[in-house]
Structures are given as structure tokens and as C-alpha cells.
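Subject: Structure for your files

Hello,

Here is the structure I said I would pass on. My notes on what was found in it follow below.

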Amino acid sequence: MLQQMKEKQKPGLVEKAGLTEAQADKVVEINFELRMAMMSDLRGLNEADRSKKIAEFKAAREKKYSEIPLTTEQIKAVYAYYEDMGKNMPKKSGN
């Protein structure tokens, strides 16, 4: 699954966010790792605890991005890339 995410996301991160291939690989790995952790850690939490845990994950992601290292501009570009990617995702029906 991680390899599929890399194949799908890396070209856009390199082109649109101005990352090197190595930086793009690390960004995808970080997002994958945190997404897997979030899926298990958020189960069964009430809304307040869930919000707190999501904030912790976001802070951890920021820290890991800065360790790659990415510049502030690159981090903003990465967030913009994922935001655009989310807007272009097909909407799930029935929820």
C-alpha cells in the first residue's frame, strides 16, 4: 500500500511542491505512518479526546517534516498539494 501511495503521490509532490524525490518519499512515508497510527488510535474516542489526538498527530507531522528537512515554503506547498488532492477525490455517497 505504501508503494502505491508513493507511485501516485511522488510525481505531484516533486512537480507541484518542489520537493526532491527523496523528500517526496519521506513525506509519503510520514503521512502513511501517521495515517495508520491514527486509524487505530482514534477508534472509540469521544469527540474531545479525538480532537486532542488529531492535534497531537498534526504536531508530530510538522516535526517530522522539519526533520526531513523541508523549508517552510515546501511544507506549505505539501499541505496545498494534499488539500488540492483531497478536493479532487470522488465523494463517498451514503454517509
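Glu56 and Lys53 sit three residues apart in helix H3 (residues 47-67), which is about one turn of the helix. Their side chains form a salt bridge, with 3.7 Å between the closest N and O atoms. Glu56 is partly exposed at 42% relative accessibility, and Lys53 is also partly exposed, with a relative accessible area of 25%. Please keep in mind throughout that this is a predicted model.

Other salt bridges

Side chains of opposite charge can pair when their charged atoms come close. Counted over the structure, there are eight salt bridges. Besides the one in helix H3, I looked at two others in detail.

One of the eight joins Lys26 and Glu29, at 3.8 Å from N to O. Both residues belong to helix H2 (residues 21-41), and because they are three residues apart there, about one helical turn separates them. Lys26 has a relative accessible area of 40%, so Lys26 is partly exposed. Glu29 is partly exposed as well, with a value of 25%. This pair does not stand alone: Lys6, Lys26 and Glu29 are linked in a network of salt bridges.

Another is in helix H4 (residues 72-87), where Glu83 and Lys87 are four residues apart, about one turn of the helix. The closest N and O atoms of Glu83 and Lys87 are 3.6 Å apart, and the two form a salt bridge. Is each partner exposed or partly exposed? Glu83 is partly exposed, with a relative accessible area of 48%, whereas Lys87 is exposed, at 54%. The cut-off for exposed is over 50% relative accessible area, which means that Lys87 falls in that class and Glu83 does not.

On charge as a whole, the protein chain carries 18 positive and 15 negative side chains. The centres of these two sets lie 4 Å apart.

The chain as a whole

The protein chain has four helices and zero strands. Read along the sequence, the pattern is α-α-α-α. Its C-alpha atoms fill a box of roughly 40 × 30 × 25 Å, taken along the principal axes.

There are 95 residues in the protein chain, and 28% of them count as buried. The accessible surface of the chain comes to about 6800 Å², with 53% of that belonging to carbon and sulfur atoms. Among contacts with a separation of 6 or more, 56% are between residues 24 or more positions apart.

A buried leucine

Leu34 is in helix H2. With a relative accessible area of 9%, Leu34 is buried, because anything under 20% is classed that way. What does Leu34 touch, leaving out residues up to four places away in sequence? The answer is Phe57, Ala60 and Arg61. Of these, Ala60 is 26 residues from Leu34 in sequence, with a C-alpha to C-alpha distance of 8.5 Å.

Aromatic pairs

How many aromatic pairs does a search of the whole structure find? There are two. Tyr65 and Tyr79 form a tilted pair, 5.8 Å from centre to centre and with 45 degrees between the planes. Tyr65 lies in helix H3 and Tyr79 in helix H4, so this pair ties together parts that are 14 residues apart in sequence. The two residues differ in how much of each is accessible: Tyr65 is buried, at 1% relative accessibility, while Tyr79 is partly exposed, at 26%.

The other pair is Tyr81 with Tyr82, which is edge-to-face. Here the distance is 5.3 Å centre to centre, and the planes are at 70 degrees to each other. Tyr81 and Tyr82 are both buried.

To go through the points above on screen, I would take them in this order:

- the salt bridge of Glu56 and Lys53 in helix H3;
- the network of Lys6, Lys26 and Glu29;
- the salt bridge between Glu83 and Lys87 in helix H4;
- Leu34 and the residues it touches, Phe57, Ala60 and Arg61;
- the aromatic pair of Tyr65 and Tyr79, which ties together parts of helices H3 and H4;
- the edge-to-face pair of Tyr81 and Tyr82.

Regards

Key: Residues numbered from 1 in each chain as written. Predicted model: local features only at pLDDT ≥ 70, side-chain atom pairs only at ≥ 80, totals over all residues. Heavy atoms only, no water. Helix = DSSP H or I, 4+ residues; strand = E, 2+ residues; numbered from the N terminus. Buried < 20%, exposed > 50% of the residue type's maximum accessible area, 1.4 Å probe, protein only. Contact = heavy atoms within 4.5 Å. Areas by Shrake-Rupley, 256 points an atom, 1.4 Å probe, with all protein chains shown as cover. Lys, Arg positive; Asp, Glu negative; His and termini not counted. Charge placed at Lys NZ, Arg CZ, Asp CG, Glu CD. Salt bridge = Lys/Arg side-chain N within 4 Å of Asp/Glu carboxyl O. Phe/Tyr/Trp six-rings, centres within 6.5 Å; stacked < 30°, edge-to-face > 60°.
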